[in-house]
Amino acid sequence: MNVSEAVATRRSVRAFTDQPVDRAVLERVFEKAQRAPSGGNTQPWHGLVLTGEPLQRLIARIALDLPRGREAFAPEYRVYPPELDGAYEERRRGIGEEMYGALRIPREDKPARLAWFARNFQAFGAPVLMLVHTPRYMGPPQWSDIGGWLQTIMLLLREEGLDSCPQEAWAVYAPQIREVVAIPEDHIFFCGLSIGYRDPRAPVNAFPVPRAPLGESIRWRGFGGKSCAGRNFLARWRLLTRH
Ligand SMILES: Cc1cc2nc3c(=O)[nH]c(=O)nc-3n(C[C@H](O)[C@H](O)[C@H](O)COP(=O)(O)O)c2cc1C
């Protein structure tokens, strides 16, 4: 698998088979991902990788608080800025609608939507969950380093035939997570990363996840001329990313 294939076939997988994942495979991935770049080579990422009984204990602890709804939420950072609007807010809502559409859960069916949201806290059935944390004093540049590290891991997982789902949702239960596993007090809990083998039959793993046209993200100066990407490239890329 080359890098383009890894990028094209990675998606947030939300239904996994129960096939266990070898520690040796994960060690290979994490060892390689240590090559991810970071400002000043600070490497501010920390992960706690759970499987088996420790993961089940965490899932059981969160299940106790699910019926309390938002009252039980206590994230250590704001997952989305309150100002989020325009295209950003539209994309956020859009992906939810795409997903619930694939699951055939209508907007009015709040209990079904909540039940699906709760699948986050079963790691979507994945056999492995990594909990990601970093010292509390780290700022946006170091958080962005962690993002690059996570993407490196997610792409390397594809090379091993594995899939993943990054999950900020776990952040709402930071205190409950701390009850079950040791995360240093002077570290902030960022997110989970579910890891496992994709269930290829699950519709939730098959809906199209749109992306903004390039012009909304990238501006050019000094290149002259028009787009060089070419129709052939775009057609092939769209085919590759339609999974
Ligand atoms: C840091 C981060 C946190 C995320 N948290 C969640 C989450 O809690 N639950 C979830 O279902 N998806 C989560 N996602 C997945 C995004 O919804 C997904 O990346 C986005 O919709 C693009 O889809 P794709 O990853 O399938 O390409 C998260 C993604 C990132 C990068």
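Two strands are counted as paired if DSSP finds at least two bridges between them, and with that criterion in mind the sheet of this predicted model can be followed strand by strand. Strands β2, residues 128–135, and β4, residues 187–196, run antiparallel and are joined by 8 bridges. Within this pairing, Leu-129 has Ser-194 of β4 as its bridge partner.

This pair belongs to an open sheet of 4 strands, in which the order is β1-β2-β4-β3 and the pairing is antiparallel. The edges are formed by β1, spanning 46–51, and by β3, spanning 163–167, each of which pairs on one side only. From one strand to the next, the twist averages 25°.

Two helices that pack on the sheet can be considered next. Helix α3, made up of residues 52–65, touches β1 and β2, and its direction makes about 95° with that of β1. Helix α6, made up of residues 140–159, packs on the sheet with contacts to β1, β2, β3 and β4, while its direction makes about 10° with that of β4.

Helix α6 also contains Arg-158, and it is worth asking whether Arg-158 is buried or exposed. Because its relative accessible area is 11%, and the term applies to values under 20%, Arg-158 is classed as buried. Leaving aside residues up to four places away in sequence, the residues that Arg-158 touches are Met-1, Ala-6, Thr-9, Arg-10, Asp-163 and Arg-198. Among these contacts of Arg-158, Asp-163 falls within the edge strand β3, whose span is 163–167.

The edge strand β3 leads on to the ligand, since the largest share of the shell around the ligand, 3 residues, comes from β3. Around the ligand there are 14 residues, of which Ser-12, Arg-14, Glu-168, Ala-169 and Arg-211 come nearest.

Which atoms of the protein lie beside the ligand's oxygen and nitrogen atoms can be described residue by residue. For Arg-14, an N or O atom in the side chain is 2.7 Å from an oxygen atom of the ligand. For Arg-211, likewise, an N or O atom in the side chain is 2.7 Å from an oxygen atom of the ligand. At Pro-166, by contrast, a backbone N or O atom is involved, lying 3.2 Å from a nitrogen atom of the ligand. As for how much of the ligand is covered, taken alone the ligand exposes 620 Å², and the protein buries 73% of that area.

Note on methods
Residues numbered from 1 in each chain as written. Predicted model: local features only at pLDDT ≥ 70, side-chain atom pairs only at ≥ 80, totals over all residues. Heavy atoms only, no water. Axes fitted to C-alpha atoms, helices over the stretch in contact; angles between N-to-C directions. Contact = heavy atoms within 4.5 Å. Buried < 20%, exposed > 50% of the residue type's maximum accessible area, 1.4 Å probe, protein only. Near = heavy atom within 4 Å. Polar contact = N/O pair within 3.5 Å; in protein donor to acceptor, adjacent residues only side chain to side chain. Areas by Shrake-Rupley, 256 points an atom, 1.4 Å probe, with all protein chains shown as cover.
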